[in-house]
Structures are given as structure tokens and as C-alpha cells.
Amino acid sequence: MATIDECRAALDRLSGNLARADGGVRGAAAMDRSLSCHITDLDRTFTGRLEDGRIRVDAVSPGPPAAKAEIRLAMTGDDLVAMVAGELKFAKAWASGRVRLEAGFRDLLRLKSLL
């Protein structure tokens, strides 16, 4: 089972990947939205923002998200680490229910190119 530190490192790595991306991926990530990522097996939630093509984590708190972020993710820590490492494809994990993504319709359309 992935630890909180491994999940935080995975989010930092994902942020770096988004910042280095070019073309459509960079454009899709260049939004300013509140973000939460609930790690279900650890029952911890990372909260922050997706802004300027980077993920900024502001806090880690116990339990599910206390407030409704504009972009909400939920998954196990192992799935987060595997997706960022390229061992698990987001689309496959999402289609099988291993990952939940909730956002407004316009945001979902923009995020589609990141998948």
C-alpha cells in the first residue's frame, strides 16, 4: 500500500509532468481550479489548486474532502502512484471504476485531452 509521502511525491511528479508538457496537454492543464484528491485506502484528501499548468497541494487532511472542489478525484494510493509512473492508464482505471473524476462539463471536456 502506498504511503502518504509516496502519494504526495506522485502528485508532485504529476505537477512537474504537466508543467513540462507542450501543445494541447499544456493548454488543457492551464486552468485555475480548486482540486481535491481523496486517497480512499488511506482515507486522506489532498487539496489545492490546478493553476498555470501545475498542481499546488495546500493541505492533506483526514477523511473525504471537507469542501467540494471544482475538480475532484478519488482513488487508492497504489493507483495514483501507478498512473503517474505510467503503469496504469487513467482512461482504463476510470472506465473500470478504480478512479473517480468529477468536474463541471466544460472542465471535463478540457481534461479529456489529459487522459
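Me: Buried means under 20% relative accessible area, exposed over 50% and partly exposed in between, with a 1.4 Å probe and protein chains only; how many residues of strand S1 are buried?

Reply: This model is predicted: local features need pLDDT of at least 70 and side-chain atom pairs pLDDT 80 or more, while totals for chains, interfaces and linings use all residues. Residues are numbered from 1 along each chain as its sequence is written, and side-chain values use heavy atoms, without hydrogens and water. Strand S1 (a DSSP run of E, at least two residues; helices are H or I, at least four, and both are numbered from the N terminus) spans residues 33-39 and is mostly covered. Of its seven residues, the number buried is six.

Me: In which sense do S1 and S2 pair?

Reply: Two strands pair if DSSP finds at least two bridges between them, and S1 and strand S2, residues 44-51, have seven. Within this pairing, Arg33 stands opposite Leu50 in S2, and the bridge partner of Ser34 in S2 is Arg49. The sense of the S1-S2 pairing is antiparallel.

Me: Which residue in the turn of the S1-S2 hairpin has a positive phi?

Reply: S1 and S2 form a hairpin, with four residues between the two strands. In that turn, a positive phi of about 50 degrees belongs to Asp43.

Me: Which residue in S4 does Cys37 stand opposite?

Reply: S1 also pairs with strand S4, residues 71-75, in the parallel sense and over five bridges. In S4, the residue that stands opposite Cys37 is Leu73.

Me: Which strands are the edge strands of the open sheet?

Reply: The open sheet is formed by five strands in the order S3-S2-S1-S4-S5, and its pairing is mixed. An edge strand here pairs on one side only, and this applies to S3 and to strand S5, residues 100-103. From one strand to the next, the twist averages 20 degrees. The edge strands are therefore, by pairing on one side only, S3 and S5.

Me: At about what angle to S4 does helix H3 run?

Reply: Axes are lines fitted to C-alpha atoms, for helices over the stretch in contact (heavy atoms within 4.5 Å), and angles run from 0 to 180 degrees between N-to-C directions. Helix H1, residues 4-20, lies across S1, S2 and S3 and runs at about 160 degrees to S3. Helix H3, residues 77-84, lies across S1 and S4. The angle of H3 to S4 is about 110 degrees.
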